[in-house]
Amino acid sequence: MFKPDLTRDDVTPESVWLNRRQIIAALGAGSIAGGLPLAANALEELEPHTWEQITTYNNFYEFGTSKSDPAENSQDMVTDPWTVKVDGLVDNPGEYSLADLIGDIPTEERIYRFRCVEAWSMVIPWNGFELNKLLNKVGVQDGAGYVAFETAVLPDVMEGVKFPILDWPYKEGLRLDEAMHPLTIMATGIYDKPIPNQNGAPMRLVVPWKYGFKSIKTIVRISLVAEQPVNTWQHSAANEYGFFANVNPEVDHPRWSQASERVIGAGLFGSRIDTLMFNGYADQVASLYEGMDLRKNF
Amino acid sequence: MGAAATFGPRISGVVRKLPTWPVYLAGMVPGGWLIWRALTNQLGMDPVKTLEHELGLLSLQFLLASLCVTPLLRFARINLLKFRKALGLLAFGYLVLHFLVWLFLDLQMRWSTIGAEIVKRPYLTIGFAAFVLLLPVAATSWQGAVKSMGALAWQRLHRLVYVAVLLGAVHFVMQEKVWSLESLLYLAAATLLVGMRFLWVRSW
């Protein structure tokens, strides 16, 4: 039975973590002096980043390519009502209102590490539900091997989609066993508040052991398909971004190392920590990839 | 014709009377402002990256500015030659800071990673090569160097700037996740400024 390794109990009171930040900062300064890198394990007692950090430092190219663009440019997007198309190899295809699609699936909190392919990271307290619950509801048919997702394209409110930076709409996909894994969630909230537009309102995918670009935002389409779909970044540069995109410190991006990462908000000193295999979720997900060459299937 | 013909020389006349130290001082303002914001936590969520990128950009901007001096003299007859050294040294200073931020704040002295990165990542190899090429240029930027080396040798050595600015711009373009107009414009400017030198002097 799956048990999330982080719960509300792991959230440290603000006064304590502010204090710990200073210790971490001091450790960071010490590590400069001693040349000792600060391992991610040293931060095992994870603390979520602040609301401000999570909601003002985003990659959401539909709203612009700079990290501050999504927060600034996404506020005109209306996400209620919202329709999600469910199609492909499902028992109950159709155009669902978001409320109907989610129905009575309860939301819960999941505090996950979030590791961007650009080698920065945060810890985010999501509210959401396991994707498998949604998939079971729409009924996955035999022959479906993958789930494909699409982000909305709303040229009226998305400045970015007017430029061919990427092949719009943004697309992502998961192998069915990845999609059904209990760690994989659909998030509709952060810090018990509705998820802000810049973070992928009204509903986004969160796959904590994969690079952030897999966790597709602002979903309008979910398709059950037989063949492995091509995701947007893979389409953009297949030599740099793969389909699996599992966080892996041993497999570098062609242009930068993935062995370590900068923790957002850790300041000028001591912000770099070692990256963990499968972003620290190896115990839960490594078995999904047994026998696979992760260098080839990056 | 008349206005254009006298405008350049008139500016040059004013420039001749100015000392060079205000250029150094003014050139340090953007860097000082940047470092101040870094130290007071005003560089946003990822201050190391911002500081690193902005310093690199400043270096490229000053390098490009230094390469505008000769074309300005040639085409507009504006003589800013006395400021060229200041622009070049400011560019080099920002490049050193850019490199130091990468070493100490970004990669935080993970020396094995640093070495591997410079060798393995083409954009870093290219950026590092630009830095190395500028070392002898900066080291011979003092007045006496021209005399001791001889003007011709000195001039030849300083043509390394042309290679370095192109490498710097390519380094900028390559580190972007998607093609960015901004970095491509810098590369275009560098290509233009270096390209016109090739047209002027066909045989080196």
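## Exercises on a predicted two-chain model

Among contacts in chain A between residues at least 6 apart in sequence, 70% join residues at least 24 apart. Keep in mind that this is a predicted model.

**Exercise 1. Work out what secondary structure chain A has, and what share of its residues count as buried.**

Step 1: go through the elements. Chain A comes to eight helices and 12 strands.

Step 2: turn to burial. Chain A has 298 residues, and 44% of them count as buried.

**Exercise 2. Find the cis peptide bonds that precede A:Pro169 and A:Pro202, and place each proline in chain A.**

Step 1: start with A:Pro169. Its cis partner is A:Trp168, and omega for the bond is about -5°. As for its place, A:Pro169 sits in the loop that runs between β5 (146-151) and β6 (171-175) of chain A.

Step 2: move on to A:Pro202. A cis bond links A:Ala201 to A:Pro202, this time with omega near 0°. Here the loop is the one between β8 (193-194) and β9 (204-206) of chain A.

Step 3: put the bonds in context. Most residues other than glycine have a negative phi, and most peptide bonds are trans.

**Exercise 3. A:Ala119 and A:Asp192 have positive phi values. Locate each one and decide: buried or exposed?**

Step 1: take A:Ala119. Phi is near 70°, and this residue isn't a glycine. Look for A:Ala119 in the loop between β3 (108-115) and β4 (120-130) of chain A.

Step 2: count its neighbours. A residue is buried if 20 or more other C-beta atoms lie within 10 Å of its own. A:Ala119 has 20 such neighbours inside 10 Å, so it counts as buried.

Step 3: now A:Asp192. Again we have a positive phi in a residue other than glycine, near 65°. A:Asp192 belongs to the loop between β7 (185-190) and β8 of chain A.

Step 4: count once more. The cut-off for exposed is 12 or fewer. A:Asp192 has 9 C-beta neighbours inside 10 Å, so it counts as exposed.

**Exercise 4. Describe the side of chain B that touches chain A: how many residues, from which helices, and of what character?**

Step 1: count the residues in contact. Chain B brings 16 residues, and they meet 25 residues of chain A.

Step 2: trace where the chain B residues come from. At least two residues each are supplied by α3 (47-76), α4 (81-106) and α5 (111-120) of chain B.

Step 3: sort that side of chain B by residue class. You get nine nonpolar, two polar and five charged residues.

Key: Residues numbered from 1 in each chain as written. Chains lettered and ligands numbered in written order. Predicted model: local features only at pLDDT ≥ 70, side-chain atom pairs only at ≥ 80, totals over all residues. Contact = placed C-beta atoms within 7 Å. Helix = DSSP H or I, 4+ residues; strand = E, 2+ residues; numbered from the N terminus. Nonpolar A, V, L, I, M, F, W, Y, C, P; charged D, E, K, R; others polar.
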